[in-house]
Amino acid sequence: MNAARLARGLLRPGTPVAAGLAAFRHGLALASTLPGCPIVQPLRPHMIEPMRMTSTFDEMWGRGMGQAQSSDCEDAAPGLQVQAARPGRLTQAQTMYEGLRPPYRAFDDWLRAENPARLLKKQREAEEVFRLTGITFNVYGRAEAAERLIPFDIIPRIISGREWARLSRGIEQRVRAINAFLHDIYHRQEIVRAGRIPVEMIARNAAFLPQMIGIEPPGGVYTHIVGIDLVRTGEDEFFVLEDNARTPSGVSYMLENRETMFQMFPELFSRNRVRPVSNYPRNLRRSLAACAPAATAGDPVVAVLTPGLYNSAYYEHSFLADKMGVELVEGHDLRVMDGRVAMRTTTGYKPIDVLYRRVDDDYLDPLNFNPDSGLGVPGIFDIYRAGGITIANAPGTGIADDKAIYSYMPDIVRFYTGEAPILQNVPTWRCNEPAALAYVLDHLPELVVKEVHGSGGYGMLVGPTSSRKEIAAFRDKLLARPGNYIAQPTLALSTVPIFTRAGLAPRHVDLRPYVLVSPEGVTITPGGLTRVALRKGSLVVNSSQGGGTKDTWVLEE
Amino acid sequence: MLGKTAGGLYWMFRYLERSENTARFVAAGQRIALTRSHADDEWTGVLQTTATWDAYRAKHGEVTQDEAVHWMLCDRDNSSSVLRVVEAARNNARLVRTALTREVWESVNESWMILKEALSQRVSERDLPQVLTLVRQRSAHVRGAFAGTMLRNDIYNFARLGTFIERADNTARLVDVKSYVLLPSSQAVGSSLDNVQWETLLRSVSAEGAYRMTYGQDVRARNIAQFLLLDRRMPRSLAFSVGKLVDNFHFLSDSYGTRPPSAAQAQALHDDLLSSGIDEILDRGLHDYIQDVLRGVAAVGSQTEVDYRFYA
């Protein structure tokens, strides 16, 4: 993809739907912490000049969904509307139908024959299924009704086999580069010696874990489980928004969404050849077992470590342990004994070989990291260092998915794979560079500017939705500490229709495929978690802000 | 299995059993109250049955039907109210989710959602029968899913231990509270009023029909005591519950290859319980006997927690 096209596809300043990439990213950056390091790489020229594009790419209908978002248009998409005179039938307006993209053809045939009343009923049934199953996330700080459901939309997001083949090549390339990068960073730091990444990006980065220097993780694997957050802006334009190399969550939704679709619309799966996702837990267990440490005797014993019942992702932790057929443990179930980490069973302590931990590095071991942690296991890191246990993902992987390192990912991919990156990064201006700062100051109304180590969506500017006064105030902050900020363009994210009472309506989506890494290879589950911003025009897919999920299909081809 | 998981299963099923029994006690209380002029006095006895009498008195000056029912069903200040124990059962189920089948988990989760709604505010006297039925039905629903889908392994045994520790305790308390009705009648034929109370006692454990099958129409205190304490065919009796404890300890000892102190204690309690006939128990003093039983059951419970490493 050439530079001009890249920029053209990316930049879309000042449009009403561009509610803010930063808010969007915040929604995705569930586990990240941000480092506070200056960014010193020279700016790439192609990032400077923005081009304009006129419409949003809809994955079902192709181009032309822009008009659905104009203010005088009802919520329904132009493609499908409920016809009041003949209750119960979804019909399509011929003019818009021409754009129907091939992966959606069989689905569209089915949909047009469907009765909207039945679909509404099915949508409600789906919610009931989720409620009963208890697929919830916890909201912190609320004693009552602390568990919420994430809304589920019954219209699947469909990806063709050809699209997926390219995506998965790009994902595998990126994940291999991330693992090579981590090994390098904790050993010889060749990439720093080669001048591709400034040394202070690593040394002064809060996500860099000095305790990991020189450690060889069992099987040579750092990131056993990775979630790559992707967005789409056009037919062949995918961007990586974020790499999740610590403890990516959401895979239980991927599995339960498919299960729910199977139950509600079995006929859809005989009309469409959808690649299965259900072997993820089996693959996960096999992948983890393949990384067992030298101390393992016999079949590797795998366990999932959860912070406990009140963690927001507890449902997922128990779900994965259940589906893998392994124990779900908390810190107080474990102790260090005879050079191993052992779990308290009804018949005594039993060693664990591989621990899939869903606890952050900092809380893993009060003796080696945060001494106030009650969630971890005292001394587990010493056992890890001695080869007595595999911790997945390895401690210290946060250096690879850190927001500041993100802007170097294309270089990282080139450096370790010797290939051009298949997946693109979102261009990022590092405001400590004079040329970048000048550009950002000139284009504040169309950019998203955020603190390098801010989180929670605070301290950032979403240009397109901010008033002049807000922009002026932010400009002063930016000028006072430019090194504290990065800026990105507002992306014209693709849409996929959702089902509403008024018919189909386009909503912005992202995609998080799940990747398993072991000495046996890289396994990417075809599909992933599609999150959808349910509010009209919104780019925020965060579940706490009206975000929902969809089943994601990858078609056999 | 993790010790924590064994403990979670044990408590999940204790709480489920307690929710059902509490609903039964409230139903019995209401029944008695309908037949008495001093209805509120009767509620004192019912509150004592649930072992929350001290906590109730700390909060309320006097006993009224309204407050007693609210306390036992909905009050968050009462750690054994139906609302609180159903919530506790569901939290334990979440804790041990990997040990349960999907059916059992969904049944518990649904029960919690339904009962949380039904008990979110004071239950009016008019709605009380339906609400109490609902509690019993939900308990039966979970029990059915459990019996129908769970593998008979150690997971099953720990759940059963919880069920029968709680049931033995609850039945013993029920008999204890009514012992003042039963005792004088062991020598004399009771008044018509006492007959109503005995029947209520039977009714609260859904055993009127079973009693009639066993003893005919002749309602006698001695027979009721024998039935509730010693009849091994009656599924809510003390003897039945303790017998089940012994059975489940046997299964556990067999599968683990060791017989821990709790198993021996349960066996001793069982032998003790069945070695005396009902007349001997009544002569010795029903209340003292029950107190011994309650202490014995509690001791088996705490020894189980130690033997199977429920806690770190």
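**Backbone exceptions, chain contact and packing**

Ser206(B) counts as partly exposed, since 13 C-beta neighbours lie inside 10 Å; on this scale a residue is buried if 20 or more other C-beta atoms, placed from the backbone, lie within 10 Å of its own, exposed if 12 or fewer, and partly exposed in between. The structure is a predicted model, in which local features need pLDDT of at least 70 and side-chain atom pairs count only at pLDDT 80 or more, whereas totals for chains, interfaces and linings use all residues. Residues are numbered from 1 along each chain as its sequence is written, and chains are lettered from A and ligands numbered from 1 in the order in which they are written.

Most residues other than glycine have a negative phi, and most peptide bonds are trans. Ser206(B) departs from this pattern, with a positive phi near 55° in a residue that is not glycine. The residue sits in the loop that joins α10 (192-204) to α11 (208-215) of chain B, where helices (H or I, at least four residues) and strands (E, at least two) are DSSP runs numbered from the N terminus. Arg309(B), likewise not a glycine, has a positive phi of about 55°, and its place is in the segment after α16 (286-307) of chain B. Arg309(B) is buried, because 20 other C-beta atoms lie within 10 Å. In chain A, a cis peptide bond with omega of about -10° links Ala392(A) to Asn393(A), and Asn393(A) belongs to the loop between β14 (390-392) and α14 (398-401) of that chain.

Chain A as a whole contains 18 helices and 25 strands, and 51% of its 557 residues count as buried. Of the contacts in chain A with a separation of 6 or more, 72% are made by residues 24 or more positions apart; two residues are in contact if their C-beta atoms, placed from the backbone, lie within 7 Å.

The contact between the chains takes 17 residues from chain A and 19 residues from chain B. On the side of chain A that touches chain B, the elements giving two or more residues are α5 (116-133), α12 (314-324), β9 (327-329) and β11 (340-345). The residues of this side divide into 6 nonpolar, 7 polar and 4 charged, where Ala, Val, Leu, Ile, Met, Phe, Trp, Tyr, Cys and Pro count as nonpolar, Asp, Glu, Lys and Arg as charged, and the others, Gly among them, as polar.

Helix α5(A) also packs against helix α9 (residues 251-264) of chain A, at an angle of about 130° and with the axes 11 Å apart. This angle makes α5(A) oblique to α9(A), because angles under 35 degrees count as roughly parallel, over 145 as roughly antiparallel, 65 to 115 as roughly perpendicular and the rest as oblique. Axes are lines fitted to C-alpha atoms, for helices over the stretch in contact, and angles run from 0 to 180 degrees between N-to-C directions. In this packing, Lys122(A), Glu125(A), Ala126(A), Val129(A) and Thr133(A) of α5(A) meet Glu256(A), Thr260(A), Gln263(A) and Met264(A) of α9(A), a set that divides into 3 nonpolar, 3 polar and 3 charged residues. In the loop between β7 (237-244) and α9 of chain A lies Ser249(A), which is buried, with 21 other C-beta atoms within 10 Å.

Two open sheets of chain A can be described through their strand pairs, where two strands pair if DSSP finds at least two bridges between them. An open sheet of 4 strands, with parallel pairing, follows the order β9-β8-β13-β14; its edge strands are β9 and β14, each of which pairs on one side only. Neighbouring strands of this sheet are turned by 30° against each other on average, direction ignored. Within the sheet, β8 (residues 302-305) and β13 (residues 354-357) pair in the parallel sense over 4 bridges, and Leu305(A) has Arg357(A) in β13(A) as its bridge partner. An open sheet of 3 strands, with antiparallel pairing, follows the order β10-β11-β12, and β10 (334-337) and β12 (348-352) form its edges, each pairing on one side only. Here neighbouring strands are turned by 45° against each other on average, direction ignored. Strands β10(A) and β11(A) pair in the antiparallel sense over 4 bridges, and the bridge partner of Met337(A) in β11(A) is Arg340(A).
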